[in-house]
Amino acid sequence: MKIILTIIVKEFLQLRRDPRLFGIIFIAPVLQLILLGYAANLDINNINTIIYDQDKTTTSRDFIEKFESSGYFTVNHYSDNYQQIMNYINKGDDLWALVIPNDFEKKLQRGEQVSVQALFDGSDGNKASIAFGYVTGVVSSYSQKISVETKNKSGFTGIAGVNINPELRVWYNPELKTRFFMLPGIMGLLLTIITTTLMAMGIVKEREIGTLEQIIVTPIKPAHLIVGKTIPFVILGFIDVLVVTVVMVFWFGIPIRGSFPFLMLASLIYVLSALGLGLFISTVSKTQQQAMMVAMFGILLPMNFLSGFAFPIENMPGWIQPITYLIPLRYYITILRGVILKGDGFLQLIPETAALLGIGIFILAASSLRFRKRLE
């Protein structure tokens, strides 16, 4: 233990001598979380709209006002023909156009069915699909309002037709804010980047400047060296988790609904996996530049794409989905979102916790054996 404590103290002294590492370890995650928390947002609140009102009546203006007052649409242009609509959409000025026919008011007053046209720019499929949902909601609400008004004006006293009004409830994220879904994932991604790259570059740096060889010729055993170099990064990774959690809760106002101790335990388990990956990278890299390239393109990018951070795993091809079971970040993100958003605890997340622990032990053990052989 005395040898291991000496190595740990040496690691912290080495970190203290490099002030840039302090910024990378503690300041960079906070800044990245804040920037990504605002930037990684799929919500659409300002949908630029073109209006082509062929009817130009009180009813058509009332219909247009429903879109403007919804809080989602901003009327940028009023058009007089389809060519203007095409020009605006082609230039990217507007996402969609609403075309109201010239018999809009008359048909509504007669109780007839009337159709309006909605033209969308589908080059960004995600934005178009979200806007389509908003448009459908506004049209449905207005249609129901007109139906009730028509019945009241006609003095209809018979038995009303069957009308089903769904009462929608959204759990865990009532306002459907993307930030609530993305931030726990960003937290896991940042922890992966910081711990994996720091571990890999910390060891490779010693190999570059020759201090690793000096340590090898001392009576220190490989097991002592591995444990002594890993523990400081475990502590730093755990501090990063606490700092990022504080920013998420108090800056963005996302409460932790589940067990905070279990969240910290799961984070500690995941840190071991990330450090094991960093240790493995250090065995295949000779320079810090090489370690950074291997970390980013060989491990971090595939983990990002296959973990379910941004892309749903169930939407991936069938032959790719089994590969995701080997990604520790997949289980950690599931735990983060379950604890933070749903209030899940250990009992609800036993499979993910067990998988994360098993993969973490395997990665750390395999990387340690490879690193030990390189030392010997």
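# Notebook: sheet, pocket, cavity and three residues

**Entry 1, the sheet.** I began with the strands and found four of them in an open sheet, ordered E2-E1-E3-E4, with mixed pairing. I note here that the model is a predicted one. Strand E2 (73-78) and strand E4 (117-120) are the edge strands, each pairing on one side only. I took the twist next: neighbouring strands are turned against each other by 30 degrees on average, with direction ignored.

I then went through individual pairs. E1 and E2 run in the parallel sense and share five bridges. On that side I looked up Thr49, which stands opposite Val75 in E2. Strand E3 (residues 96-100) pairs with E4 in the antiparallel sense, over four bridges. For Leu98 I find Ala118 as the bridge partner in E4.

**Entry 2, helices on the sheet.** I asked which helices pack on the sheet, and which strands they touch. Helix H3 (residues 58-69) packs there and touches strand E1 (47-53), E2 and E3. The direction of H3 makes about 160 degrees with that of E3. Helix H4 (residues 82-91) also packs on the sheet, with contacts to E1, E2, E3 and E4. For H4 I logged a direction of about 170 degrees to that of E1.

I checked how covered E1 is. Six of the seven residues of E1 are buried, and I wrote the strand down as mostly covered. A general reminder for reading strands: in a regular strand, side chains alternate between the two faces of the sheet.

**Entry 3, Lys56.** I went to the loop between E1 and H3, where Lys56 lies. The phi of Lys56 is near 50 degrees, a positive value in a residue other than glycine. Is Lys56 buried or exposed? Lys56 counts as exposed because its relative accessibility is 54% and the cut-off for exposed is over 50%.

**Entry 4, the largest pocket.** I moved on to the pockets. The largest pocket has a volume of about 690 Å³. It is lined by 31 residues, and those closest to its centre are Phe181, Gly308, Arg337, Leu341 and Lys342. Which elements give two or more residues to this lining? They are helix H6 (125-154), helix H7 (178-209) and helix H13 (328-342). H13 gives the most to the pocket lining, with seven residues. By class, I have 15 nonpolar, eight polar and eight charged residues in the lining of the largest pocket.

**Entry 5, the cavity.** I searched for cavities of 30 Å³ or more and found one. The largest cavity has a volume of about 60 Å³. I listed its lining as Pro29, Met187, Leu190, Leu191, Ile194, Asp240, Val241 and Val244. H7 and H9 are the elements that give two or more residues to this lining. H7 gives the most to the cavity lining, with four residues. The lining of the largest cavity divides into seven nonpolar residues, no polar ones and one charged.

**Entry 6, Thr230.** I stayed with helix H9 (residues 222-250), in which Thr230 lies. I wanted to know why Thr230 counts as buried. Thr230 has a relative accessible area of 9% and is therefore buried, the cut-off being under 20%. Leaving out residues up to four places away in sequence, Thr230 touches Met199 and Leu275.

**Entry 7, Tyr38.** I looked up Tyr38 in helix H2 (residues 19-39). Its relative accessibility is 45%, so Tyr38 counts as partly exposed. The contacts of Tyr38, not counting residues up to four places away in sequence, are Arg179, Trp251 and Phe252. I also took a distance from Tyr38 to Thr178: the C-alpha atoms are 9.8 Å apart in space, while the two residues are 140 apart in sequence.

**Entry 8, whole protein.** I closed with totals. The protein has 14 helices and four strands. Of its 376 residues, 42% count as buried. How much of the contact set joins residues at least 24 apart in sequence? I have 77%, among contacts between residues at least 6 apart in sequence.

Methods:
Residues numbered from 1 in each chain as written. Predicted model: local features only at pLDDT ≥ 70, side-chain atom pairs only at ≥ 80, totals over all residues. Heavy atoms only, no water. 1 Å grid on protein atoms, 1.4 Å probe; cavity = no way out; pocket = protein on both sides within 12 Å on 5 of 7 lines; lining within 4 Å. Points joined across faces, edges and corners; volume = space filled by probe spheres on them. Nonpolar A, V, L, I, M, F, W, Y, C, P; charged D, E, K, R; others polar. Buried < 20%, exposed > 50% of the residue type's maximum accessible area, 1.4 Å probe, protein only. Contact = heavy atoms within 4.5 Å. Pairing = 2+ DSSP bridges. Axes fitted to C-alpha atoms, helices over the stretch in contact; angles between N-to-C directions.
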